[in-house]
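The following report describes local packing and burial in one protein chain. Please read it alongside the sequence and the coordinates.

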Amino acid sequence: MDIARKQQIAAGLAEVETRISAACRAAGRSREEVTLIAVTKTYPAEDVRILAGLGVTEVGENRDQEAAEKARACADLPLTWHFVGQLQTNKVRSVVGYADLIHSVDRSRLVAAIGREAVRAGREIGCLVQVALDDDPGRGGARPADVPGLADEIAATEGVRLGGLMAVAPLGEEPGKAFARLRDLALAVQAGHPGATIISAGMSGDLAEAVAHGATHVRVGTALLGRRKPFVR
């Protein structure tokens, strides 16, 4: 193991933990209410091992090819894998093989595909409805008006369970305002589905605003692992 890299990641983790704890205190919340997901895209499996050794066992990835390789390489570790990127239906079978929670479910066709592959694999996969908080179709997400119906579809589909909602803060908007809209939508969904308690929001730059508005899961990469370099095979 690279000792210098371990020290670097440990320092990043300590800083992130300080930020999350401060955000929880400011919001009158317990630190235990917020789960840290380490987003390890473009970083090697060795970094995942270092994180696991430091107690971080929730790992997020956004590209199937990279994620599948890392999940295989780290199969001996007690990790929970989160798929947080946009998901094409032709990748669903692979993703269902390792992911425990898919954060980016934004259309009916995807719900059906995940359910079908989960049943085939004998698994139950957690699904979050990704909400589009802006009008950029390139970032994925269901329109807010379509979220309750999509949540109902997930809840009714064999092989999947409705976990809650996910969103990415829009570019050029104050994150807190966007996360307040997400929280309101999440509470509306929870009224019909009390178990759908997850609100996945907040990344390296806006995790405090997300925690202030009810995020239960924050997805942090850069602040933990450093500025990304292109992934080289």
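The crossing of helix 1 and helix 2 is right-handed, a term used when the near helix is turned clockwise from the far one by less than a right angle, anticlockwise being left-handed. Helices here are DSSP runs of H or I with at least four residues, strands are runs of E with at least two, and both are numbered from the N terminus. The model is predicted, so local features need pLDDT of at least 70 and side-chain atom pairs count only at pLDDT 80 or more, while totals for chains, interfaces and linings use all residues. Residues are numbered from 1 along each chain as its sequence is written, and side-chain values use heavy atoms, with hydrogens and water left out.

**Helix 1 against helix 2**

Helix 1 covers residues 3-26 and helix 2 covers residues 45-53; the two pack at an angle of about 60 degrees with their axes 10 Å apart. That angle makes helix 1 oblique to helix 2. Axes are lines fitted to C-alpha atoms, for helices over the stretch in contact, and angles run from 0 to 180 degrees between N-to-C directions. Angles under 35 degrees count as roughly parallel, over 145 as roughly antiparallel, 65 to 115 as roughly perpendicular, and the rest as oblique.

On the helix 1 side, Arg5, Lys6 and Ile9 take part, and they meet Asp47, Ile50 and Leu51 of helix 2; contact means heavy atoms within 4.5 Å. By class, this contact of helix 1 with helix 2 has 3 nonpolar, no polar and 3 charged residues. In that scheme Ala, Val, Leu, Ile, Met, Phe, Trp, Tyr, Cys and Pro are nonpolar, Asp, Glu, Lys and Arg are charged, and the others, Gly among them, are polar.

Asp47 belongs to helix 2 and is buried, at 3% relative accessible area. Buried means under 20% relative accessible area, exposed over 50%, and partly exposed in between, with a 1.4 Å probe and protein chains only. Leaving aside neighbours within four places in sequence, Asp47 contacts Arg5, Ile9 and Leu225.

**The loop before helix 2**

Lys41 lies in the loop between strand 1 (35-39) and helix 2. At this residue UniProt, in an unreviewed entry, places the feature "modified residue: N6-(pyridoxal phosphate)lysine"; UniProt positions are given in the numbering used here, feature names are shortened, and annotations may be inferred rather than shown by experiment. Lys41 has 27% relative accessibility and therefore counts as partly exposed. Apart from neighbours within four places in sequence, Lys41 is in contact with Gly60, Glu61, Asn62, Glu66, Lys70 and Arg228.

Thr42 is also placed in the loop between strand 1 and helix 2. Although Thr42 is not a glycine, its phi is positive, about 75 degrees. Thr42 is partly exposed, with a relative accessible area of 22%.

**Helix 3 and strand 3**

In helix 3 (residues 64-73), the buried residues are Asp64, Glu66, Ala67, Ala68, Lys70 and Ala71. These buried residues pack against helix 2, strand 2 (58-61), strand 3 (80-83) and helix 4 (92-96).

Trp81 sits in strand 3. Not counting residues up to four places away in sequence, Trp81 touches a list of residues including Val48, Val59, Glu61, Lys70, Ala71 and Tyr98.

**Other buried positions**

Leu185 is found in helix 7 (residues 175-192), and beyond four places in sequence it touches Val131, Pro144, Val147 and Leu165. Gln130 is in strand 5 (residues 125-131). Outside its neighbours up to four places away, Gln130 touches, among others, His103, Asp106, Arg139, Gly140 and Met166. Ala196 is in the loop between helix 7 and strand 7 (198-200); leaving aside neighbours within four places, Ala196 contacts Leu162, Gly163, Gly164, Val189 and Gln190.

The table gives burial and one C-alpha to C-alpha distance for these positions and for Trp81.

| Residue | Relative accessible area | Partner | Separation in sequence | C-alpha distance |
|---|---|---|---|---|
| Trp81 | 6%, buried | Thr57 | 24 residues | 8.4 Å |
| Gln130 | 4%, buried | Gly140 | 10 residues | 7.5 Å |
| Leu185 | 16%, buried | Ile199 | 14 residues | 9.9 Å |
| Ala196 | 3%, buried | Leu13 | 183 residues | 28 Å |
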